[in-house]
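Visitor: I have a new model on my screen. Could you show me how to read it, one feature at a time?

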Amino acid sequence: MSEIDSLMQGMALILTPHHIGLMVIGVLLGILVGVLPGLGAPNGVALLLPLTFTMEPVSAIILLSCMYWGALFGGSITSILFNIPGEPSSVATTFDGYPMARNGQAGEALTAAFTSALLGALVGVLLLTFLSTRIAEFAMAFSSPEFFAVYLLAFCTFIGMSKNPPLKTVVAMMIGFAMAAVGMDTVSGELRLTYDQPWLLSGLSFEVAVIGLFGIGEILCTVEEGLVFRGERARITPMTILRTWAKLPRYWLTWLRSALVGCWMGVTPGGPTAASFMSYSLARRFSKNRDNFGKGEVEGVIAPETADHSAGTSALLPMLTLGIPGSATAAVMLGGLMIWGLHPGPTLFVEQHDFVWGLIASMYLGNVVSLIVVLATVPLFASILRIPFSIIAPIIIMVCSIGAYSVHNSMFDVGLMLIFGALGYLFKKLGYPIAPLILAAVLGDKAEDAFRQSMLFSDGQLSIFWSNPLVGSLTTAALLMLFWPLLARVLKALLGTRQGHARRVS
Amino acid sequence: MSNTTDTPLVATRWVEIGLALFTAALGAVVMVGAVEIGIGWGDVGPEAGYFPFYIGLLLSAASVGNLILALLRTPAMSAAFVGRQAFRQVLAVFLPIVLYVIAMPFAGIYLASAVFIAWFMWRDRQRSTPYGIPIVAAISCGAALASYLIFALWFKVPLDSGVLGDLVAVAGGALR
């Protein structure tokens, strides 16, 4: 099969000491940002991005993607040992992981988490290996209206499916689009929204927004909550690992279900966070040990971790094939791809064959490397969290500032980061989502191009988005997603008027 | 979350309203900017302001929606946004960051960072044993040195050493 051939080529490309070294560095940095409060995977990737400009794209993407895997693993360490989710997507892991650690089963919980994470990720990569070429071939037939419809579908799904209030999601998204519009217009070359201010000429970069919103905003929230790290001790011996591995095969059904949930949520813009929660609640519903959930049930660790990682990996499928990231981190990586001069989307598979398959091959290897590295370094990273906040916090802030500065070597960006930091704090407290803002800031120009091209084709008629069955069904699906909360309410009202009435009376 | 003994500083409603007004104004600014460059149909299709105008419009409209929701939903909105004590904590971190960022162009990233970290550690008096001066000096200078080694030497991304850094460089050149 051609996929296997391509994969072997990719393997040959990445099996060099240089690339394996980059993987280990990426994973270590990833665990570090995953463990530290205020730094997460999107933030870590954004911070590292300026340093990759001089690298080969393949090396750069290996470094960044391994950082992503490392951050996902690091998030589980803090959830299990400290009851603090290092990443939003590992919140569900705290439900049973921390109780297990308190019962003295920290080693078992960590081993189960990491192993199921690896298996989840592998399912995601398999999906990527065998589906990506097909989806890319299918998407080759897309022209501007289809692309805009796909973007529309992604954005509408965010609004309709998000746990956050829809209007707040719209506000966050539009701020992202407005950011992307500042500076040079990609079609006409005209300067726009600069208000004659020289510091707006080069535009507002999404990296700075990521660093401010996720980094500084997170630190401010942490300070307000007065977080104290009171962690459980972890001792992982080879015996613990082997004993846990021996117990794991009996949970194959949970794995399979969680991996499927993860892949689905990762490909659609539900993201790893939604996937892990959904998988946890499904596992609780179907488990034989239902009563033990929340008190330290290993199945309650396996389910969210598997889903989290399979969603994290499969989020790269729409990113590579269609140019639409399934998570905030994938959005930042997509931005990186564009900075390196690559064009995410179906043509990537033809023009950058080596890059794509190098990346996919590195995902197999990178996840295995992650498991080994993370098992070996848990005690080290757990001790990092015991460093007092008054040392860790200013260092994180320094790293964020340097990261924002190094995007364009400009002090203005550091000030901008500060503004985004304050905004991030307010956003977080008031339930505005951050991911749509980042997504829109990265994709804004491309979505606008697609829209304007379509308008050119049709002479300004919106009907072009229903001009053939493909684009028509995409657009209709997008609108359905957008109004899903309303539709669901109407359906519920139609089906269950009686129950609703009874509840109102009582 | 905030302590139960912590007196509330401001109700959530006012913060919601404030943020909604801010985003609505942002939308208006975007619309004005778009109108300036033309939102119509030019020789080569839609003009540059065409798309941003609708972005601004949607932004303002959604913000007004949030504003109305904030005014209508009474019970949830009267809850405290943040306690007085907790907000003091936040300001105690945020204001130093502001000063740090303001000082950066003058003092340079290295010096500003070192002072920032040192001040943060020195201020932490809640600990049973405050940090000694050697530890404070070692960590703050170490962090600045590490950032020099990683960014300037390893990745060849020179960081701004500020007006003071330039003066040092000039003085060093004069001595030589």
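Visitor: What pattern does chain B follow along the sequence?

Guide: This is a predicted model. Read along the sequence, chain B runs β-α-β-β-α-α-β-α-α-α. That makes six helices and four strands.

Visitor: What radius of gyration does chain B have?

Guide: Set it beside the value for a compact globule. For 176 residues that would be near 16 Å, but chain B has 25 Å. The C-alpha trace of chain B spans about 65 × 60 × 25 Å along its principal axes.

Visitor: Which domains does the assignment give for chain B?

Guide: Domain 1 covers 8-78 and domain 2 covers 84-175. The C-alpha centres of these two domains of chain B are 38 Å apart.

Visitor: Now the partner chain. How many residues does each chain bring to the contact?

Guide: Chain B brings 53 residues and chain A brings 48 residues. On the chain B side, at least two residues each come from helix 1 (12-37), strand 3 (45-46), helix 2 (50-72), strand 4 (80-83), helix 4 (84-123) and helix 5 (133-154). Helix 4 of chain B gives the most, with 16 residues. By class, the side of chain B that touches chain A has 39 nonpolar, eleven polar and three charged residues.

Visitor: How do I describe a pair of packed helices?

Guide: Two packed helices are described by the angle between their axes and by the distance between those axes. Take helix 18 (residues 389-408) of chain A with helix 4 of chain B. Their axes come within 9 Å and cross at roughly 35°. The crossing of helix 18 of chain A and helix 4 of chain B is right-handed.

Visitor: Which residues meet there, in helix 18 of chain A and helix 4 of chain B?

Guide: From helix 18 of chain A they include A:I391, A:I395, A:M398 and A:Y405. From helix 4 of chain B they include B:V93, B:I109, B:F116 and B:M121. The contact of these two helices has 16 nonpolar, three polar and no charged residues.

Visitor: Try a pair inside chain A. At what angle do the axes of helix 12 and helix 13 of chain A cross?

Guide: Helix 12 (residues 271-286) and helix 13 (residues 299-314) of chain A cross at roughly 150°, and their axes come within 8 Å. Angles over 145 degrees count as roughly antiparallel, so helix 12 and helix 13 of chain A are roughly antiparallel to each other. Helix 12 of chain A passes helix 13 of chain A in a right-handed crossing.

Visitor: Which residues make that contact between helix 12 and helix 13 of chain A?

Guide: Among them are A:G271, A:A275 and A:Y280 of helix 12 of chain A, and A:E299, A:A303 and A:D308 of helix 13 of chain A. The residues of this contact divide into eight nonpolar, six polar and two charged.

Note on methods:
Residues numbered from 1 in each chain as written. Chains lettered and ligands numbered in written order. Predicted model: local features only at pLDDT ≥ 70, side-chain atom pairs only at ≥ 80, totals over all residues. Contact = placed C-beta atoms within 7 Å. Nonpolar A, V, L, I, M, F, W, Y, C, P; charged D, E, K, R; others polar. Domains from an automatic or database assignment. Axes fitted to C-alpha atoms, helices over the stretch in contact; angles between N-to-C directions. Parallel < 35°, antiparallel > 145°, perpendicular 65-115°, else oblique. Left-handed = near helix turned anticlockwise from the far one by under 90°. Rg over C-alpha atoms; globule rule 2.2 N^0.38 Å.
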